[in-house]
Amino acid sequence: MSLNVIKKSIDLGDGRIIEIETGKLAKQADGSVVVKQGNTMLLATVVSNKDAREGVDFLPLSVDYQEKYAASGRIPGGFLRREARLSDYEVLISRLVDRALRPLFPDDYHAETQVMISLISSDENVMPDALAGLAASAAIAVSDIPFNGPISEVRVAKIDGKLVINPLRTDLERATLEFIVAGSDKDINMVEGESNEIQEAELVEAIQFAHEAIKKQIAIQKELTVETGKTEKRTYCHENSDPELRDKVYAATYDKVYAVAKAQLPKHERSDAFSTIYNEFEETLGENLEESVVFLAKKYFHDVQYDAVRNLLLNENVRLDGRNSKQIRPIWSEIDYLPSAHGSSIFTRGETQSLTTVTLGSKDDEQMIDGAFISGYNRFMLHYNFPAFSTGEARPNRGVGRREVGHGNLAMRALKKVLPPDEQNPYVIRVVSDILESNGSSSMATVCAGTLALLDAGVKISSPVSGIAMGLISDEKTGKYAILSDILGDEDHLGDMDFKVTGTKNGITACQMDLKVNGLSYEVLTEALNQAKEGRLHILGEMAKTISDPREDYKAHAPRIVSLTIDKEFIGAVIGPGGKIIQEMQRETGASISIEEKDNKGLVQVFATNKESVDSAVARIKAIAAKPEVGEVYEGKVKSIMPFGAFVEIMPGKDGLLHISEIDWKRYESMDGLFKVGDEVRVKLLDIDKQGKLKLSRKALLPRPPKPQPEAQAPAAEKTTEGETPKAE
């Protein structure tokens with residue numbers, strides 16, 4: 001069997017090569033390619049049905065990125081020992097690709113389409129997420145599926161002051177900015193990443209640099225399309241049309257919709273008013289309407305809403321809630337709302353509200369990451385929840401969706417840049433944002449509420465962070481456009497751009513951009529970023545009215561952690577045989593103790609809910625890990641008695657000999673009756689010999705008795721001759 005294998009290469013400009021191969025694997029898919037860099041290999045396939053389902057007026061596109069554990073020579077954990085549902089990391093990569101591809105399918109193409117990207121070989125230093133968009137687009141390029149691409153995605157990072165495309169994983173540790181950028185050969189349509197408080201001009205420079213690399217990758221894909229003979233795409237008809245009905249809908253409803261849009265109604269009242277307009281129109285069409293007529297009427301009414309809201313803003317600079325393009329909705333916030341949480345806040349902006357908590361934990365609470373490509377531990381977690389009641393809807397909870405994962409990840413990126421370094425922060429930190437109301441930019445409300453909750457918890461962040469969502473309304477025919485600050489949900493839905501920017505007073509910490517139209521110039525992008533900065537600083541000012549600096553101390557009910565370093569040789573002594581010593585300390589003190597070897601030292605963390613438990617455990621660990629010092633005095637305990645003296649334990653596991661001659665200044669002939677096992681005795685360490693044996697003394701601590709004085713003798717009498725008396729002096 002002969003294969004028609006086609007290969008193309010992309011030079012990244014520094015000797016690194018990306019290879020694209022098609023015609024060898026998965027040939028029954030509409031399109032398939034293998035993309036390789038180093039030992040990292042991705043298989044991307046695309047399949048699209050020939051016909052669309054009845055009643056579908058959108059593109060049912062699914063994008064799934066999955067890592068095969070065999071790619072890195074590993075067997076999955078868990079009971080089943082096989083790949084299960086997508087991890088958060090895989091979901092995030094799937095979203096990156098989806099957001100880059102979706103806007104470039106034709107608006108009237110509604111066939112169910114599935115893109116699958118599999119990591120089939122892994123190189124620990126070549127990150128697959130920067131290749132996934134290229135692989136997916138290349139698979140579509142070698143198919144007959146209609147697509148207004150190709151597109152590509154690259155990672156751009158600034159390392160040691162220099163911009164680099166798709167840097168090695170080990171080099172990313174030194175990056176001051178890191179963004180995934182996607183686009184066509186003409187425009188950028190997706191950006192996501194984080195940075196160390198950079199300025200707006202630096203972000204624009206990085207995006208432009210990435211776009212040049214994207215253009216080269218797109219040129220190669222176009223060559224693939226030609227060489228595989230896929231320049232002609234399939235024909236389709238997925239939308240019926242009724243121009244007469246469309247004209248009726250516009251004539252009967254446009255002015256009414258425009259008036260409602262201008263009336264500055266709250267979200268639900270506005271929605272109800274739009275529904276009333278449509279229902280009244282539908283009644284004019286008669287009874288027993290065919291489903292196809294109702295379907296088209298609703299579609300055209302949505303078009304009316306789209307045009308009316310956009311024209312109102314472009315022609316009169318009036319938004320749905322009455323603001324001008326730069327105004328931020330009213331903000332109020334509160335901290336310490338939940339008495340039992342380690343930190344809590346409420347942040348409300350307009351009709352969007354987040355209740356956020358901070359929980360401080362020990363090393364045992366670290367999140368274990370066990371993926372085919374990335375594994376390790378995470379000390380900072382941010383989880384975002386979006387219940388149905390936040391938008392006034394009722395629907396069953398089905399677990400965390402991709403949207404929640406993506407929004408939480410963006411907020412996490414924004415806040416992690418201001419966290420204290422590990423050596424200054426012993427805690428594992430979990431931030432949870434529960435969205436209680438939503439009408440636009442709940443992820444940015446999460447950033448603001450997360451900052452307030454961290455400050456309330458006493459976490460020493462370097463600077464408060466705020467976030468803002470920017471929108472764009474543009475008219476390609478007239479060239480008019482309006483950049484909107486702090487967009488509503490409807491403005492996101494009906495607009496051309498959703499651009500979220502987070503940062504401190506010093507600069508940008510994270511951003512995410514999704515563009516739905518072609519032709520965003522870098523001048524407009526720069527204008528949007530500068531307008532976002534104004535809004536960000538305003539929000540920071542409003543937040544500062546509630547709290548601007550971290551609490552001086554953690555709350556009284558917050559757990560306490562003490563970190564200490566011990567010599568490597570004492571790690572075993574602290575743990576004890578089979579964990580006996582450390583378990584005993586935890587049981588008796590009520591503290592949790594973790595210990596690990598790092599840099600040839602033992603790193604110990606003691607975690608407890610009260611200071612007494614921490615102090616007790618720390619004292620015992622220090623006693624075990626302390627080294628005896630000559631000249632020091634110790635409170636010891638008699639462990640055994642020998643004929644020549646007693647062995648006294650002065651530290652856990654450290655005995656010394658108290659010789660019989662060092663017990664007292666008196667001389668004892670035997671040890672009988674002097675001590676019994678368990679007696680406490682205060683001793684001084686006199687010496688440590690070359691073998692490490694300890695010489696102890698008790699008598700050195702006792703006052704030395706005075707030397708005995710010789711007995712006094714009477715003076716001798718003078719000799720006299722018999723009969724004479726002594727002479728008087």
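Analyst: A nonpolar core is a set of buried Ala, Val, Leu, Ile, Met, Phe, Trp, Tyr and Cys residues joined through side-chain atoms within 4.5 Å. Keep in mind that this model is predicted.

User: How many residues does the largest nonpolar core have here, and which have the most contacts inside it?

Analyst: Start with the general idea. In soluble globular proteins, nonpolar side chains tend to be buried together. In this model, the largest nonpolar core has 134 residues. Leu 101, Ile 117, Ile 429 and Phe 499 have the most contacts inside it. A further core of 26 residues lies apart from that one. Its members include Tyr 254, Phe 274, Ala 297 and Val 309.

User: Take Ile 429. Which residues is Ile 429 in contact with, leaving aside neighbours within four places in sequence?

Analyst: The list runs through several stretches of the chain. Ile 429 contacts Val 358, Thr 359 and Leu 360, among others. Arg 379, Phe 380 and Met 381 are also on its list. Leu 419, Leu 454 and Val 459 complete it.

User: Which strands pair with E17, and in what sense?

Analyst: General point first. Strands of a sheet pair through backbone hydrogen bonds, either parallel or antiparallel. E17 covers residues 428-437 and pairs with E13, residues 352-361, in the antiparallel sense. Nine bridges support that pairing. To find the register, look for Gln 353, which stands opposite Glu 437 in E17. E16, residues 380-385, pairs with E17 in the parallel sense over six bridges. There, Asn 385 stands opposite Asp 434 in E17.

User: Through which helix does the chain cross from E16 to E17, and is the crossover left-handed or right-handed?

Analyst: The path runs through helix H7, residues 402-416. This β-α-β crossover is left-handed.

User: On to open sheets. In what order do E22, E23 and E24 lie?

Analyst: Read the strand order before anything else. The three strands form an open sheet in the order E22-E24-E23, with antiparallel pairing. E22 (560-567) and E23 (592-598) each have a single partner strand, so one side of each is left without a neighbour in the sheet. Neighbouring strands are turned by 20° against each other on average, direction ignored.

User: How many bridges join E23 and E24, and which helix packs on the sheet?

Analyst: E23 and E24 (residues 601-608) pair antiparallel over seven bridges. Ile 593 stands opposite Val 606 in E24. Helix H13, residues 611-625, packs on the sheet and touches E22, E23 and E24. The direction of H13 makes about 0° with that of E22.

User: And the barrel: in what order do its five strands close?

Analyst: Again, follow the order. It is E25-E26-E27-E29-E28, and the pairing is mixed. The twist averages 50° from one strand to the next. Now go pair by pair. E25 (residues 633-642) and E28 (residues 680-688) run antiparallel and are joined by five bridges. Val 633 has Lys 684 as its bridge partner in E28. E25 and E26 (residues 645-651) also pair in the antiparallel sense, over five bridges. Those two strands form a hairpin with two residues between them. Met 642 stands opposite Gly 645 in E26. E27 (residues 654-659) and E29 (residues 694-697) pair in the parallel sense over three bridges. In that pairing, Gly 656 stands opposite Leu 694.

User: Single residues next. Is Ser 325 buried or exposed?

Analyst: Use the cut-off: buried means under 20% relative accessible area. Ser 325 has 15%, so it is buried. Ser 325 sits in the loop between helix H6 (291-316) and strand E11 (331-335). Its contacts beyond four places in sequence include Asn 317, Arg 319, Ile 483, Leu 484, Ser 485 and Gln 531.

User: What is the relative accessible area of Asp 11, and which residues does Asp 11 touch?

Analyst: The relative accessible area of Asp 11 is 47%, and the residue is partly exposed. Asp 11 belongs to strand E1, residues 6-11. Not counting residues up to four places away, Asp 11 touches Arg 16 and Ile 17.

User: Last, the whole chain. Why is it described as more spread out than a compact globule?

Analyst: First, the inventory: the protein chain has 13 helices and 29 strands. Its radius of gyration is 38 Å, well over the 27 Å that the globule rule gives for 729 residues, so the chain is more spread out than a compact globule. The C-alpha trace spans about 170 × 70 × 50 Å along its principal axes. Buried residues make up 50% of the 729 residues. Among contacts with a separation of 6 or more, 69% join residues 24 or more positions apart.

Notes: Residues numbered from 1 in each chain as written. Predicted model: local features only at pLDDT ≥ 70, side-chain atom pairs only at ≥ 80, totals over all residues. Heavy atoms only, no water. Buried < 20%, exposed > 50% of the residue type's maximum accessible area, 1.4 Å probe, protein only. Contact = heavy atoms within 4.5 Å. Pairing = 2+ DSSP bridges. Helix = DSSP H or I, 4+ residues; strand = E, 2+ residues; numbered from the N terminus. Right-handed = clockwise from strand over helix to strand, strands pointing away. Axes fitted to C-alpha atoms, helices over the stretch in contact; angles between N-to-C directions. Rg over C-alpha atoms; globule rule 2.2 N^0.38 Å.
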